[in-house]
Amino acid sequence: MAENNDKINIRLELHDTELFVTIPRGEEELTRAAGKLINETVNWYYDRFHLERGEKEILYMALLNIALRLERSMQSHDEEPYVEMMQKLTSEIETALKKK
C-alpha cells in the first residue's frame, strides 16, 4: 500500500488526446517535459504536412524523429570506446613500467 503513495495521477494532453497516467511522484516534471516534446514534434510535422499526409503518418514521423533523437543521445553517451582506450593505455603503461 505504501508504494501507491509514491505515485501520482496526472493528465497530459498529447496532440488531440487527453491521457491520464500514473507515474512515480518524482517523475512528474520529466513526464510533463516528455509530453511537451511530443506535442512540439507532432505540431511541427502537422504544420508542414497536414495537407499531404494523414494524421497517423504524421504521428509516425514524429515518433521516428523522437526515437532518432534518443538513439543519437544514447550513442553520444556510449562509454565503451573510452573504456577500451583506458584499458589499452593502462596495458601500455604497465608494460612500460615493467621494462624499467
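User: In this predicted model, how many of the 100 residues count as buried, and what makes a residue buried?

Analyst: Of the 100 residues of the chain, 15% count as buried. The cut-off is relative accessible area: under 20% means buried.

User: How do you know whether the chain matches a compact globule?

Analyst: Set its radius of gyration against the globule rule. For 100 residues, a compact globule would come near 13 Å. The chain has 23 Å. The rule is 2.2 Å times the number of residues to the power 0.38, so the chain does not match a compact globule. Along its principal axes, the C-alpha trace spans about 70 × 50 × 15 Å.

User: Which elements does the chain have, and in what order?

Analyst: The chain has four helices and two strands. From the N terminus on, the order is α-β-β-α-α-α.

User: Why are E1 and E2 called paired strands?

Analyst: Pairing needs at least two bridges. Eight bridges join E1 (residues 7–14) to E2 (residues 17–24), so the two strands pair. They run antiparallel. Ile-8 stands opposite Ile-23 in E2.

User: What lies between E1 and E2 in the hairpin?

Analyst: Two residues lie between these strands. His-15 is in the turn, and has a positive phi of about 60°.

User: What makes a charge positive or negative here, and how far apart are the mean positions?

Analyst: Lys and Arg count as positive, Asp and Glu as negative. The chain has 14 positive and 20 negative charges, and their mean positions are 6 Å apart.

User: Which atoms supply 55% of the exposed area?

Analyst: Carbon and sulfur atoms do. The chain exposes about 8700 Å².

Terms used:
Residues numbered from 1 in each chain as written. Predicted model: local features only at pLDDT ≥ 70, side-chain atom pairs only at ≥ 80, totals over all residues. Heavy atoms only, no water. Buried < 20%, exposed > 50% of the residue type's maximum accessible area, 1.4 Å probe, protein only. Areas by Shrake-Rupley, 256 points an atom, 1.4 Å probe, with all protein chains shown as cover. Charge placed at Lys NZ, Arg CZ, Asp CG, Glu CD.
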